[in-house]
Amino acid sequence: MDPFCNTCFTNINDASCDLYCTQCHHVVCKNCILRNNERCSACNGKCRMVKITKDMPENVQRYFRDPVPELETLQNVVSFQEQQRSIAIGHHKQLLEDYHKLTAEVREQKKEYDRLRKEVLEIKRQKKGGRGNHGSSSSEFSTPKSSISGMTSSQFTDNSNNIAKKVAMDESFWRSTPSSTSSGGKALSQKMSRLNL
């Protein structure tokens with residue numbers, strides 16, 4: 001837009017007068033400033049002033065440029081930033097969903113771990129009990145005894161050997177007798193065979 005004096009409405013295109021932009025956001029011409037003792041003729045405020053030229057500071061020039069291109073650029077910037085925020089929000093939502101899913105899986109694995117741990121402890125307990133029973137059983141039979149007349153196995157063997165010797169002596173006696181007694185000798189031999197351990 002073309003600047004103009006806010007007091008006398010002199011346009012910038014009038015070469016006979018310079019225009020100034022004031023710190024209080026007014027535009028005044030040099031003539032009006034001089035008539036108002038170098039104060040803003042629009043608000044009578046004492047403030048800094050910048051002469052409106054092509055070389056004026058950038059922060060002042062933007063007040064006189066067409067804002068439409070800048071608005072379009074600003075709109076593109078806003079759209080871009082909104083898109084980036086949407087992507088970031090979607091990513092964090094996915095992370096949150098994955099977190100809840102993994103948390104549920106961890107809870108299930110913890111339950112399975114506790115169940116297997118109980119099974120292992122029960123198996124160990126059963127094995128420990130089984131070893132105790134086996135030990136007591138073996139101790140009971142560690143010194144086996146014969147059920148015959150309360151004799152031990154070694155005593156029974158010695159007794160059997162004595163019987164076998166006696167039978168052998170009787171057999172030698174019967175062999176020396178006449179043949180009429182052969183049937184008795186056979187019976188004795190069969191008895192000896194059964195007792196010879």
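How much area does the protein chain expose, and what share of it do carbon and sulfur atoms supply? In this predicted model, the exposed area of the protein chain comes to about 16,100 Å², of which carbon and sulfur atoms supply 55%. Buried residues make up 14% of the 197 residues in the chain, and among contacts between residues at least 6 apart in sequence, 34% join residues at least 24 apart.

**Secondary structure**
- The protein chain holds 5 helices and 3 strands, which follow one another from the N terminus in the order β-β-α-β-α-α-α-α.

**Nonpolar core**
- The largest nonpolar core has 15 residues, and those that touch the most other members are Cys-5, Leu-19, Cys-29, Ile-52 and Phe-64.
- Two or more residues of this core come from each of β1 (19-22), β2 (27-29) and α1 (30-35).
- Leaving aside residues up to four places away in sequence, Phe-64 touches Met-1, Pro-3, Cys-21, Val-27, Ile-52 and Met-56.

**Pockets**
- The largest pocket encloses about 220 Å³ of space, and the elements that give two or more residues to its lining are β1, β3 (49-51) and α2 (58-61).
- Its lining, which includes Cys-21, His-25, Arg-48, Asn-59 and Tyr-63, divides into 5 nonpolar, 4 polar and 1 charged residues.
- The second largest pocket, with about 160 Å³ of space, is lined by Met-1, Pro-3, Phe-4, Asn-6, Cys-21, His-25, Val-27, Tyr-63 and Phe-64, a set made up of 7 nonpolar, 2 polar and no charged residues.
- Cys-21, His-25 and Tyr-63 appear in the linings of both the largest and the second largest pocket.

Methods
Residues numbered from 1 in each chain as written. Predicted model: local features only at pLDDT ≥ 70, side-chain atom pairs only at ≥ 80, totals over all residues. Heavy atoms only, no water. Core = buried A, V, L, I, M, F, W, Y, C linked by side-chain atoms within 4.5 Å. Buried < 20%, exposed > 50% of the residue type's maximum accessible area, 1.4 Å probe, protein only. Helix = DSSP H or I, 4+ residues; strand = E, 2+ residues; numbered from the N terminus. Contact = heavy atoms within 4.5 Å. Areas by Shrake-Rupley, 256 points an atom, 1.4 Å probe, with all protein chains shown as cover. 1 Å grid on protein atoms, 1.4 Å probe; cavity = no way out; pocket = protein on both sides within 12 Å on 5 of 7 lines; lining within 4 Å. Points joined across faces, edges and corners; volume = space filled by probe spheres on them. Nonpolar A, V, L, I, M, F, W, Y, C, P; charged D, E, K, R; others polar.
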